[in-house]
Amino acid sequence: MSALRRVISHHSSSLNPPRLRMNLVGFNPYFITFNILINSCCQSKNTDIGFSLFGGVLKRDSLCKGGLLDEALNLFLQMINDAKIVLNVIVYNTLINGLCNSDRLAEAVRLFDGMSSRGVSADALTYTFLIRGFCKRGLWNETKRYFDAMAENGISPTVNNLNFLVDSLCKEGKIEVAYGICEEMIKLGTEPDVCTCNLLIGSLCLMGKLKEARSLFDSMVGKGLEHSVYSFGILINGYFKRSRLDEAIQLFKKMQKKGLKPNLVTYNTLIAGLC
């Protein structure tokens, strides 16, 4: 097994020539190499090394390609039966993330449900992976259930969690639900940021609710949030889309008075709106 360890520690330099040949014939060299090594770990019961390799594959964006996730699940089963290995939340998070990204949500949930019986507590990342997995599928009841469970277990959702949910909900036209999530987050001590407000303003503009969009825009300063060029651009575009040219121009002038410099997107919005 020492030879395998040496290969693992020096794989990037020793495998360069084969990599060139494999690229020419359309194979992913990282997957082939890592898959062989992980399989060797499975067969030799060196699951700790195997899972370290799997973590390395994650960093190379090769997750779940060609059945690699199933190799990791096999490693996990061996880990459960190996008294020398203590399972931790990192192992679970790695697999749950992989399963969610592969649209294997039922398996991810089963893995999550078995954590407590193994003495492993879910952390913020665990919930984040599940929430994002359900969000991407538009499964809002499950999304909300894990979001609530996160808070009930004393884990404060981050503003990034909030923004991902708000973005997903707004894209589905569920802005009222998005507002409800924001209110819950505030109660939990997580304040919306500029990105949150921009997402909501953009959604309101698309729905033609310019009065509400402007109200939210104007309230940002009072909440300690500074408008960005993007914040102005969203609302300016909203006004143009509804043929409210005067308000769009006034807002553009206001942006300039604040010392914010228009970017290419801003100018493109103005040109398209005035033509």
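The exercises below, each with a worked solution, deal with a predicted model.

**Exercise 1. Describe the secondary structure, burial and contact range of the chain.**

Step 1. Start with secondary structure: the chain has 17 helices and zero strands.

Step 2. Turn to burial. The chain has 275 residues, and 43% of them are buried, where buried means under 20% relative accessible area.

Step 3. Consider contacts between residues at least 6 apart in sequence: 60% of these join residues at least 24 apart.

**Exercise 2. Characterise the largest pocket by volume, lining and contributing helices.**

Step 1. The volume of the largest pocket is about 470 Å³.

Step 2. Its lining consists of 22 residues, and those nearest the centre are Gly-202, Leu-206, Tyr-230, Ile-234 and Asn-237.

Step 3. Assign the lining to helices. At least two lining residues come from each of helix 11 (159-171), helix 13 (194-206), helix 15 (229-241) and helix 17 (264-274).

Step 4. Sort the lining by class: nine residues are nonpolar, nine are polar and four are charged.

**Exercise 3. Repeat the analysis for the second largest pocket.**

Step 1. The second largest pocket holds about 180 Å³ of space.

Step 2. Its lining is formed by Leu-73, Phe-76, Leu-77, Leu-99, Glu-107, Arg-110 and Leu-111.

Step 3. Helix 6 (68-80) and helix 8 (105-113) each contribute at least two of the lining residues.

Step 4. By class, five of the lining residues are nonpolar and two are charged, with no polar residue.

**Exercise 4. Determine how helix 11 and helix 13 are oriented, and list the residues in their contact.**

Step 1. A pair of packed helices is described by the angle and the distance between the axes.

Step 2. For helix 11 and helix 13, the axes come within 9 Å and the crossing angle is roughly 10°.

Step 3. Angles under 35 degrees count as roughly parallel, so helix 11 is roughly parallel to helix 13.

Step 4. On the side of helix 11, the contact uses Val-159, Leu-162, Asn-163, Val-166, Asp-167 and Cys-170. Helix 13 brings Cys-195, Thr-196, Leu-199, Leu-200 and Ser-203.

Step 5. The classes in this contact are seven nonpolar, three polar and one charged.

**Exercise 5. Work out the surroundings and exposure of Val-159.**

Step 1. Val-159 belongs to helix 11.

Step 2. Its relative accessible area is 23%, and Val-159 is therefore partly exposed, a class that lies between under 20% and over 50%.

Step 3. Leaving out residues up to four places away in sequence, Val-159 touches Thr-190, Glu-191, Pro-192, Asp-193 and Thr-196.

Step 4. Take Pro-192 from that set. Val-159 and Pro-192 are 33 residues apart along the chain, yet 6.4 Å separates their C-alpha atoms.

**Exercise 6. Place Asp-103 and Ser-243, and state the phi and exposure of each.**

Step 1. Most residues other than glycine have a negative phi.

Step 2. Asp-103 has a positive phi, near 65°. Asp-103 sits in the loop between helix 7 (89-101) and helix 8.

Step 3. The relative accessibility of Asp-103 is 44%, so Asp-103 counts as partly exposed.

Step 4. Ser-243 also has a positive phi, near 60°. Ser-243 is in the loop between helix 15 and helix 16 (245-257).

Step 5. With 60% relative accessibility, Ser-243 counts as exposed, because exposed means over 50%.

Notes: Residues are numbered from 1 along each chain as its sequence is written. This is a predicted model: local features need pLDDT of at least 70, side-chain atom pairs count only at pLDDT 80 or more; totals for chains, interfaces and linings use all residues. Side-chain values use heavy atoms; hydrogens and water are left out. On a 1 Å grid over the protein atoms alone, a cavity is a set of points where a 1.4 Å probe fits but cannot get out, and a pocket is an open set with protein on both sides within 12 Å along at least five of seven lines; lining residues have an atom within 4 Å of a point. Grid points are joined across faces, edges and corners, and a volume is the space filled by probe spheres set on the points. Helices (H or I, at least four residues) and strands (E, at least two) are DSSP runs, numbered from the N terminus. Ala, Val, Leu, Ile, Met, Phe, Trp, Tyr, Cys and Pro count as nonpolar, Asp, Glu, Lys and Arg as charged, and the others, Gly among them, as polar. Axes are lines fitted to C-alpha atoms, for helices over the stretch in contact, and angles run from 0 to 180 degrees between N-to-C directions. Angles under 35 degrees count as roughly parallel, over 145 as roughly antiparallel, 65 to 115 as roughly perpendicular and the rest as oblique. Contact means heavy atoms within 4.5 Å. Buried means under 20% relative accessible area, exposed over 50%, partly exposed in between (1.4 Å probe, protein chains only).
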